[in-house]
Amino acid sequence: MTRHPENRSPRDEVEPPDWLDDDEPYADVDVDRLPDWWRDAVGEFEEHDLPPYRPPRLADGVLVPPLIERLEAAHDVEIRLMGTDVDHGDAWGLRVDGEVVAAVERERTADGCTRYGMTGEEFVTAVRERVEAVPDASDPADRG
């Protein structure tokens with residue numbers, strides 16, 4: 001179950017908080033109040049003595065994990081950003097139910113964050129176009 005602080009709006013869930021870009025972003029943050037996916041990643045990074053976890057973002061700063069979570073729930077689809085048989089610097093694919101619906105450039109920023117080369121609006125549009133193109137995307141037989 002995802003934990004949502006009561007005083008946050010749905011928009012806050014996809015916009016990075018101001019403290020995320022601090023050198024020690026979790027110093028003054030109650031990690032237990034973060035969504036499960038985020039809290040788990042913070043713990044995993046700490047266990048492996050890695051730099052602080054910073055969620056992947058889109059070109060306009062939108063946080064990727066909560067956007068994917070929201071779109072998957074809204075459209076009953078599986079969304080993945082992944083590269084298959086790619087070399088360093090190659091674009092990855094935005095996949096909806098296994099079908100590549102868009103190529104996505106990606107880069108690792110100086111602070112260790114992955115940034116994908118499309119905006120939140122472009123991401124949502126690519127997913128919606130796939131959902132609208134498939135008669136019943138929630139039927140596994142129709143998934144590509």
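The following exercises, with worked solutions, concern helix 1, an aromatic cluster and the residues Asp21 and Thr109.

The model is predicted, so local features require pLDDT of at least 70 and side-chain atom pairs count only at pLDDT 80 or more, whereas totals for chains, interfaces and linings use all residues. Residues are numbered from 1 along each chain as its sequence is written, and side-chain values use heavy atoms, with hydrogens and water left out.

**Exercise 1. Determine the span of helix 1 and what its buried residues pack against.**

Step 1. Helices (H or I, at least four residues) and strands (E, at least two) are DSSP runs numbered from the N terminus. Helix 1 covers residues 36-47, which is 12 residues.

Step 2. The expected span is 1.5 Å times one less than the number of residues. From first C-alpha to last, helix 1 reaches 16 Å, close to the expected 16 Å.

Step 3. Burial is assigned by relative accessible area (buried under 20%, exposed over 50%, partly exposed in between; 1.4 Å probe, protein chains only). Asp36, Trp37, Trp38, Arg39, Ala41 and Val42 are buried in helix 1.

Step 4. With contact taken as heavy atoms within 4.5 Å, the buried residues of helix 1 pack against helix 2 (64-75).

Step 5. Just after helix 1, Asp49 has a positive phi of about 55 degrees.

**Exercise 2. Classify the ring pairs Trp19 with Tyr26 and Trp37 with Trp38.**

Step 1. Rings of Phe, Tyr and Trp (its six-membered ring) pair if their centres lie within 6.5 Å; planes under 30 degrees apart are stacked, over 60 edge-to-face, and the rest tilted. This rule yields five aromatic pairs.

Step 2. The Trp19 and Tyr26 rings are edge-to-face, because their planes stand at 65 degrees, with centres 5.6 Å apart.

Step 3. Trp37 and Trp38 are stacked, at 5.2 Å centre to centre and 20 degrees between the planes.

Step 4. Trp19, Tyr26, Trp37 and Trp38 form one aromatic cluster. Trp19 is partly exposed at 23%, Tyr26 is buried at 12%, and Trp37 and Trp38 are buried.

**Exercise 3. Identify the side-chain polar contacts of Asp21 with Arg57 and of Thr109 with Asp111.**

Step 1. A polar contact is a pair of N or O atoms within 3.5 Å; within protein, one must be able to donate a hydrogen and the other to accept it, and residues adjacent in sequence count only if both atoms are side-chain atoms.

Step 2. Asp21 lies in the segment before helix 1 and is partly exposed at 47%. Its side chain meets that of Arg57 at 3.0 Å.

Step 3. Leaving aside neighbours within four places in sequence, Asp21 contacts Arg54, Arg57 and Asp111.

Step 4. Thr109, in the loop between strand 5 (106-108) and strand 6 (114-116), is buried at 15%. Its side chain makes a polar contact with that of Asp111 at 2.3 Å.
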